[in-house]
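This report describes a single chain with a bound ligand. Attention goes to the ligand shell, the backbone and the packing of helices.

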Amino acid sequence: MSTKSRLEAQALRAHHGPHEVLKGIDIALPAGSFTVIVGPNACGKSTLLRSLAQLHPSSGGSVLLDGHPIAHYRPRDRARLLAVLPQGAEAPEGIIVANLVARGRHPHRSLFQPWTAADQSAMEAAMEAAGVSQLAERTLESLSGGQRQKVWIAMALAQGADILLLDEPTTFLDLSHQIDVLELCSALNCAGKTIVAVLHDLNQAARYASRLVVMRAGEILAQGLPEDLLTPGFIDEVFHVPCIVIADPLTGKPLIVPKRAALAN
Ligand SMILES: Nc1ncnc2c1ncn2[C@@H]1O[C@H](COP(=O)(O)OP(=O)(O)OP(=O)(O)O)[C@@H](O)[C@H]1O
């Protein structure tokens with residue numbers, strides 16, 4: 001049996017003001033899986049990720065980390081097990097990469113404890129794994145969007161958590177940087193991390209996810225293997241896009257080809 005951390009939610013509800021955004025979500029995120037959450041705009045994907053990470057208050061149900069209510073964990077204990085990269089993460093102006101990644105060590109350090117050799121090696125290993133070691137002395141502002149995203153992932157890795165929650169980690173990146181970030185996630189997953197990411201691109205989701213979670217209007221419509229879920233009928237039902245689905249010639253995974261309007265019927 002795996003000793004890695006497990007995250008799950010039972011009957012999870014969340015609101016934004018009077019609007020119920022999550023309507024009773026049951027989800028289990030198996031240790032070592034690469035779960036991708038997809039669904040139409042405004043269906044509640046980010047709210048789900050934020051609620052799982054305790055960045056958004058739930059209004060019912062529970063989130064369990066290793067079988068215990070996550071709300072019972074002290075923030076630093078929780079942060080050792082679960083790292084989250086929300087959309088639009090912000091850093092202090094002028095901060096250099098090494099210092100930002102070092103912030104990932106906060107849950108492992110007490111207030112007056114000096115920086116230790118273990119902190120240094122965890123920080124360097126995180127930068128190495130994320131491929132940003134050569135950027136250590138650069139300011140965050142001086143980096144491209146893709147480089148920045150990898151630095152944020154390095155910070156999350158420095159936290160040493162088993163579980164990484166990533167909200168649209170490829171947004172605003174060109175194709176090459178999208179692939180870079182997804183390959184990094186895949187490599188981290190192969191190295192044992194549990195990855196949960198919100199993505200919009202169904203073909204990328206199909207290629208990288210070991211499990212797909214499909215949301216609609218605050219509920220989970222389906223979850224399972226991408227190859228089981230991504231049928232033309234299901235995609236049309238959820239996204240209103242007539243398409244054909246073929247096997248990706250490189251991976252054998254589903255490859256969604258939207259039909260041109262003239263061919264839609
Ligand atoms: N801070 C907020 N205040 C009020 N309503 C919000 C807030 N954040 C999200 N919402 C609303 O909650 C619903 C779900 O939003 P959420 O961002 O979780 O969806 P999403 O599936 O991640 O969307 P997208 O694909 O567009 O990023 C939407 O109707 C949105 O307008």
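The text below treats the annotated domain, the ligand shell, helix 1, residues with positive phi, and one helix pair. The model is predicted.

**Domain**

An unreviewed UniProt entry places the feature "domain: ABC transporter" at residues 7-242. Over residues 7-242, helix accounts for 36% of the chain and strand for 25%. The C-alpha atoms at the two ends of this stretch are 35 Å apart.

**Ligand shell and helix 1**

The residues surrounding the ligand are His16, Gly17, Val21, Gly39, Asn41, Ala42, Cys43, Gly44, Lys45, Ser46 and Thr47. By class, seven residues of this shell are polar, three are nonpolar and one is charged. Helix 1, which spans residues 45-52, supplies the largest share of the shell, namely three residues.

Helix 1 is itself mostly covered, with seven of its eight residues buried. The buried residues of helix 1 are Lys45, Thr47, Leu48, Leu49, Arg50, Ser51 and Leu52. Lys45 and Thr47 thus appear both in the ligand shell and among the buried residues of helix 1.

**Positive phi values**

Most residues other than glycine have a negative phi. The following residues have positive values.

| Residue | Phi |
|---|---|
| Alanine 42 | about 70 degrees |
| Glutamine 54 | about 70 degrees |
| Aspartate 66 | near 50 degrees |

Alanine 42 belongs to the loop between strand 3 (34-38) and helix 1, and it is also part of the ligand shell. Is alanine 42 buried or exposed? It counts as exposed, because it has 11 C-beta neighbours inside 10 Å and the limit for an exposed residue is 12 or fewer.

Glutamine 54 takes its positive phi just after helix 1.

Aspartate 66 lies in the loop that joins strand 4 (60-65) and strand 5 (68-69). Aspartate 66 has 15 C-beta neighbours inside 10 Å and therefore counts as partly exposed.

**Packing of helix 4 and helix 5**

Two packed helices are described by the angle between their axes and the distance between the axes. Helix 4 (residues 117-130) packs against helix 5 (residues 145-158) at an angle of about 140 degrees, and their axes are 8 Å apart. Helix 4 and helix 5 are therefore oblique to each other, since an angle must be over 145 degrees to count as roughly antiparallel. The crossing of helix 4 past helix 5 is right-handed.

Note on methods
Residues are numbered from 1 along each chain as its sequence is written. This is a predicted model: local features need pLDDT of at least 70, side-chain atom pairs count only at pLDDT 80 or more; totals for chains, interfaces and linings use all residues. A residue is near a molecule or strand if its C-beta atom, placed from the backbone, lies within 6 Å of it. Helices (H or I, at least four residues) and strands (E, at least two) are DSSP runs, numbered from the N terminus. Ala, Val, Leu, Ile, Met, Phe, Trp, Tyr, Cys and Pro count as nonpolar, Asp, Glu, Lys and Arg as charged, and the others, Gly among them, as polar. UniProt positions are given in the numbering used here, feature names are shortened, and annotations may be inferred rather than shown by experiment. A residue is buried if 20 or more other C-beta atoms lie within 10 Å of its own, exposed if 12 or fewer, and partly exposed in between; C-beta atoms are placed from the backbone. Axes are lines fitted to C-alpha atoms, for helices over the stretch in contact, and angles run from 0 to 180 degrees between N-to-C directions. Angles under 35 degrees count as roughly parallel, over 145 as roughly antiparallel, 65 to 115 as roughly perpendicular and the rest as oblique. A crossing is left-handed if the near helix is turned anticlockwise from the far one by less than a right angle, and right-handed if clockwise.
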